[in-house]
Structures are given as C-alpha cells and as structure tokens.
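This report goes through one protein model, from a single residue outward to the whole chain.

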Amino acid sequence: MNWKRFLSIPVFSVFLLLGFVYYVAVFVLIENWLGLQSSAGSLNALIFTFLASLCLFSFLVCVLTDPGGVPPAYVPDFEASEATDQALMKSVSFPKVTAAPPLRQHPKGAQPRQCAKCSAYKPPRAHHCRSCRRCILRMDHHCMWINNCVGHRNYKAFVVLVFYAAMSSLYSAVVTICCTIERDWNYSGSGPLKLFYRYDTIRVAWLARKSGQSYRHPFDVGVYKNITLIFGPNMLKWLWPTAVSHIKDGINFPTTRDNS
C-alpha cells in the first residue's frame with residue numbers, strides 16, 4: 001500500500017466533498033425534513049450513512065490498491081501471439097470501401113508489443129502510464145481523483161465506487177426533493193454532476209458501421225462473461241470491492257476466438 005497517494009489535492013478534495021455532502025444530507029436536510037430523533041429520520045440517516053460508508057471504503061481501496069505492473073521477467077509467446085493474430089484477423093471481415101477511413105490491420109493487443117519508455121515487452125491490454133511512469137496491466141486510465149491508475153487489480157473497486165457514489169447521489173437527491181416539497185423552500189439549484197467516459201472501442205465500432213464494415217472487440221466474450229471477469233463468478237460478492245480472488249495474472253485474457 002502506498003500511503004503517499006493521499007498527499008494529493010484532488011484526493012483531499014474528494015474527502016472534503018464527501019464530508020460536505022454527508023453533513024448537508026444528514027444534519028441539514030434530513031434533520032429539517034423528518035428530524036433525527038424520529039424513527040423515520042433515523043432510518044433515512046442510517047441508510048445514507050451505510051451508502052456513504054461503502055462509497056468511502058471503495059474509494060480507499062481504489063487509492064491504496066496497486067493496479068498491477070508488468071512482471072520484470074515477462075516475455076511474450078511469439079508463436080501463440082502470431083496464431084492468435086491470424087485467427088482474429090479471419091474473424092473480422094473488411095469489405096473494400098474506397099471512401100472509408102483506414103482501420104487498424106491488427107486488433108489492439110493481438111501482437112507482441114514493446115514499450116519504448118520501459119524498454120520491455122508488455123502484455124495485451126497493458127499500457128504505459130506517464131503519471132505512474134510504468135506499464136500497467138489492463139490499464140483503463142489514470143484517475144487524478146484517486147491519484148492512481150485504474151488497472152487490473154483495482155478495476156472492480158473503481159466500478160463499485162462509481163456504483164455506490166451513484167446510489168448515494170441518487171438517495172441524497174431524493175432526500176433533497178422530499179425536503180424541498182415538505183418545507184416549501186424556494187430551491188433553484190442547478191449544476192448536475194456529470195461523468196464522462198472516453199471509450200475508444202465505441203469510436204472504432206462507430207467508424208466500422210459508418211464504412212459498412214463489421215467489427216467486434218477481440219476481448220469481447222459476451223455480456224455475462226465480461227461482467228464475471230470484473231466482478232467474479234459469485235454474485236454475492238459483486239458489490240464488495242476487496243473480493244478479487246478471481247483476478248488472475250493480468251497477462252492473458254480470454255478472446256472472441258476462445259468462444260468460437
């Protein structure tokens with residue numbers, strides 16, 4: 001665990017925001033709406049405290065969990081990689097279109113790749129992070145709010161964090177609306193919080209459809225299998241951020257060819 005990740009202004013800002021939202025929701029809105037001494041007020045405060053605690057715990061797991069680096073002794077299997085690349089190329093049809101934008105000749109991650117900055121090979125779905133200054137297994141992105149990369153070992157914790165944050169925000173919004181209606185306050189607040197995700201696969205698929213070509217991500221193994229690869233096979237542990245016993249080495253991943 002790297003406790004130095006907490007020495008960051010964005011991370012400190014998240015703690016301040018969580019504390020502010022919790023104080024306003026419990027000690028201002030619920031107190032003025034139902035009263036914390038009443039059974040209904042205590043129940044609503046307990047529910048929101050539970051959601052906020054899970055959100056905070058998931059945030060701590062995201063900050064402290066190492067996303068996973070490429071093993072120093074990693075060397076790709078060139079023969080297996082070449083066979084996989086040829087099989088994946090056969091599964092993707094590319095009709096001749098004159099005005100279509102050029103697509104990659106090889107699916108991303110199908111061939112052995114070498115990091116120019118680390119001077120070492122990197123597995124499929126691994127990328128070099130300029131902030132962490134190393135290659136991260138199954139790197140999604142570097143999030144400044146957790147001062148850490150979202151990678152192979154903390155990907156589930158990050159998704160669970162987003163879920164609990166959304167549930168807490170939704171619950172606090174409902175409490176705010178109920179309190180506003182009950183007290184007949186003149187509420188004219190605006191400025192919803194929006195989360196933007198840049199997912200390159202959506203862009204590539206859109207370009208393929210636009211040019212009349214068929215495209216399927218080489219690591220797309222179906223909706224349910226994709227979910228279990230992140231959350232695990234046991235549904236009872238899906239919403240627990242530290243239940244990651246199903247995570248493997250982060251070097252090999254199932255592909256579309258494996259299911260065909």
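## V28 and its distant partner

V28 lies in helix α1. The model is predicted, and in it V28 has a relative accessibility of 27%, so V28 is classed as partly exposed, given that the partly exposed class lies between the buried limit of under 20% and the exposed limit of over 50%.

V28 and T176 are separated by 148 residues in sequence, while their C-alpha atoms are 9.8 Å apart in space.

## Helix α1 and a nonpolar patch

F20 also has its place in helix α1, which covers residues 9-33. Is F20 buried or exposed? With a relative accessible area of 54%, F20 is exposed, because the exposed class begins over 50%.

F20 belongs to a nonpolar patch on the surface, together with L17 and V21. The area of this patch is about 290 Å².

## Annotated transmembrane regions

An unreviewed UniProt entry lists residues 7-30, 42-64 and 157-177 under "transmembrane region". Two of these spans can be described further from the model.

Residues 7-30 are 92% helix and 0% strand, and the C-alpha atoms at the two ends of this span lie 33 Å apart. Residues 157-177 are 100% helix, again with 0% strand; here the end C-alpha atoms are 30 Å apart. V28 falls in the numbering of the span 7-30, and T176 in that of the span 157-177.

## Helix α6

Which residues of helix α6 are buried? In this helix, made of residues 223-231, they are T228, I230 and F231. These residues are on the same side of α6 because they cover an arc of only 160° around the axis.

G232 comes just after α6 and takes a positive phi of about 100°.

## The whole protein

The protein contains seven helices and six strands. Along the sequence, the order of these elements is α-α-α-β-β-β-β-β-β-α-α-α-α.

Of the 260 residues in the protein, 36% are buried. The exposed surface of the protein amounts to about 16700 Å², and carbon and sulfur atoms supply 62% of that area. Among contacts with a separation of 6 or more, 63% join residues 24 or more positions apart.

Methods: Residues are numbered from 1 along each chain as its sequence is written. This is a predicted model: local features need pLDDT of at least 70, side-chain atom pairs count only at pLDDT 80 or more; totals for chains, interfaces and linings use all residues. Side-chain values use heavy atoms; hydrogens and water are left out. Buried means under 20% relative accessible area, exposed over 50%, partly exposed in between (1.4 Å probe, protein chains only). Helices (H or I, at least four residues) and strands (E, at least two) are DSSP runs, numbered from the N terminus. The arc is that of the directions from the helix axis to the C-beta atoms. UniProt positions are given in the numbering used here, feature names are shortened, and annotations may be inferred rather than shown by experiment. Patches are made of residues with over 30% relative accessible area and no salt bridge: like charges are joined within 9 Å, nonpolar side chains (Val, Leu, Ile, Met, Phe, Trp, Tyr) within 5 Å. Accessible areas come from the Shrake-Rupley method with a 1.4 Å probe; for residues, only the protein chains shown count as cover. A salt bridge is a side-chain nitrogen of Lys or Arg within 4 Å of a carboxyl oxygen of Asp or Glu. Contact means heavy atoms within 4.5 Å.
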